[in-house]
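Colleague: I should like to learn how to read a few features of a protein model. May we go through them one at a time?

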Amino acid sequence: MATQGSESTKSTVSNGEVSSNGTAATDGQTVQTAGNAQDPQQQQQQAPNAWQVIKGVLFRIFIIWAISSWFRRGPSTPDPSTPTGAPRVPSRNLFPKDTLMDLYVYVSQEEVFSDFNNTDALFWFHRDLVYGDWATGENGDGCYQNYKELDIPEKVQQNGSLYIHIYFTKSGFHPDPKRKGQYRRLATVHSTRMLNKFKRRKFLKTKNLLTGETEADPEMIKRAESHGPVEIISHWHPNLTINMVDDHTAWVKGSVPPPLDQYVKFDAVSGDYYPIVYFNDYWNLQKDYYPINDTLTKLPLRLNYCPLSLWRWQLYAAQNARSPWNFLPEDTYEQSDEDQDSVKVALLETNPYLLGLTIVVSIVHSIFEFLAFKNDIQFWNSRQSLEGLSVRSIIFGVFQSLVVLLYILDNETNFVVQVSVFIGLLIDLWKITKVMDVRLDRENKIAGIIPRLVFKDKSTYVESSTKIYDDMAFRYLSWLLYPLFGCYAIYSLIYVEHKGWYSWVLSMLYGFLLTFGFITMTPQLFINYKMKSVAHLPWRMLTYKALNTFIDDLFAFVIKMPMMYRIGCLRDDVVFFIYLYQRWIYRVDPNRVNEFGTSGVDHVQNNTADPDTASAITDKPEGEKKND
């Protein structure tokens, strides 16, 4: 197993990228065994969010459903290029069922292979395989295996590429086109793939801002200076499976649904299609890859051949399909390798019934999340009075959203996450216009050019006792918040390395809000206590958010999550239970104003305002009352 040069290494992988603060000595890695060697920089990966994991599963289920709907479609549409508009002729598999085949596997540095006479390049030769046979093999499942340790060419150690070339020929034929009489084009199936995988590793130059020292490995600092902030490193995984899809569907050229169309290859002359050869590395976890460097002398490779059904092949093809967000730049929407690993680990290690329950509950989670968002917008859009609501908490929420946005921008987070946080910030800014009077002062301009924004508390907030209680709550809160903030800032400055002072400010604020952010929920509890009322709260939105918190609790126990995430779920549960307790002890009072700015007294006054109308209604005959 590869050893790590420094314990201070922080690394994350996103879409094939390996991030490092320069503490892991890639050149100093050694390999004890070929089968379990790993990149040490993957050992400290942060666990992804639970919802991201389940969202990935749901996204793949949707793709599978979409592919299945294609197969349920009617006959192929007529070809407009033909004069009569006749439908295209279905094709057939060039290898009928139970065809005897020979397998040739070559490993070479060349992407286009032609050196068939080089015996050193021949990795595996297996005679008389039966196409579509599921009963033979070492374990009676139609699978065969071959293991060898490859010598590492010098170019491969220097970030070169290594390719595997697969040839299936009908028994008695050879894949070499130069052998006249032994080669036949329609009897040969060929596929090529790169064995190694290139990843980008980013060097984050961090240091202690007080001392200027860093725990990074000096060797890695030199590599960062020589190779730049990003280095491309070749990685290796010792396992690969070759699947021959047992399929004889009458595919029609030009009508094969994506993503299957990229695997079905048609012969240009006969119009028939070749058997589908699929390189299956879906179960190769990201953490099992390790870098190819000068310390390695051999590359282990365990190659498996197995038949594969059409249904399972559709599943694998859907898993590897490109996201429909193809209009975004590369690495923008696609899941990171850690997220994909989490999905695979969940499928492998989680009880099937529990996994199914988690998927169902995650769908309910998304519904509740949408309903909470909708009711939150409706509540603030129709709110007439601010009595009983903490305006300072709304303003502090804008500050929190701004800090989170600046933090993820500084750390080059996924673009979709940035857009999501930015939209959340816009919604929080919109709430400011609902809780305060905002106008442009064109008379007192900034620098005589830019109009000044003026914020003023609304009259319903100033004239009520809410403002007094809100100020009192934040004053009491500051007695606890400011000392904690100061202690956390000193701790972050002394013990944590940063890229610069700007990064320190953002990371310190973000870490503090993540750790002690629940304190900002307490002013509303204090206002409820002083007013002895909870009728002013958006209970629908709070209920949906509370249900989502309980669902997050389920995720936190089903999927491996950071301890801080679990603590965050627990604190939200506690706050909501306090809300419920306040709702229970503060009984219904007709004098209280609800979220629409009305009270029970208003309805009584409206009903008694016109006594003639009221008497006309009450003096109806008994038969008309029954009809009403």
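Modeller: Certainly. Let us begin with a cut-off: a residue counts as exposed when its relative accessible area is over 50%, and as buried when that value is under 20%. Please keep in mind that this is a predicted model.

Colleague: Is isoleucine 490 buried or exposed, and why?

Modeller: The relative accessible area of isoleucine 490 is 52%, and therefore this residue is exposed. Isoleucine 490 is part of helix α10.

Colleague: Which residues make the nonpolar surface patch?

Modeller: Leu210, Ile490, Tyr491, Ile494, Tyr495 and Trp501 make a nonpolar patch of about 700 Å² on the surface. Helix α10, which spans residues 466–495, supplies the largest share of this patch, with 4 residues.

Colleague: Let us turn to the cysteines. How many disulfides does the structure hold?

Modeller: In general, a disulfide is a covalent bond joining the sulfur atoms of two cysteines. The structure holds 1 disulfide. It is formed by cysteine 143 and cysteine 306, whose sulfur atoms are 2.0 Å apart. The pair links distant parts of the chain, 163 residues apart: cysteine 143 lies in the loop between β4 (122–130) and β5 (144–151), and cysteine 306 lies in strand β13 (residues 298–309).

Colleague: What is the handedness of the link between cysteine 143 and cysteine 306?

Modeller: The link is right-handed, with 125 degrees about the S-S bond. Cysteine 143 and cysteine 306 are both buried.

Colleague: Why does cysteine 487 count as exposed?

Modeller: Cysteine 487 counts as exposed because its relative accessibility is 54%, and the cut-off is over 50%.

Conventions
Residues numbered from 1 in each chain as written. Predicted model: local features only at pLDDT ≥ 70, side-chain atom pairs only at ≥ 80, totals over all residues. Heavy atoms only, no water. Disulfide = S-S within 2.5 Å. Helix = DSSP H or I, 4+ residues; strand = E, 2+ residues; numbered from the N terminus. Buried < 20%, exposed > 50% of the residue type's maximum accessible area, 1.4 Å probe, protein only. Patch = residues over 30% accessible without salt bridge, like charges linked within 9 Å, V, L, I, M, F, W, Y side chains within 5 Å. Areas by Shrake-Rupley, 256 points an atom, 1.4 Å probe, with all protein chains shown as cover. Salt bridge = Lys/Arg side-chain N within 4 Å of Asp/Glu carboxyl O.
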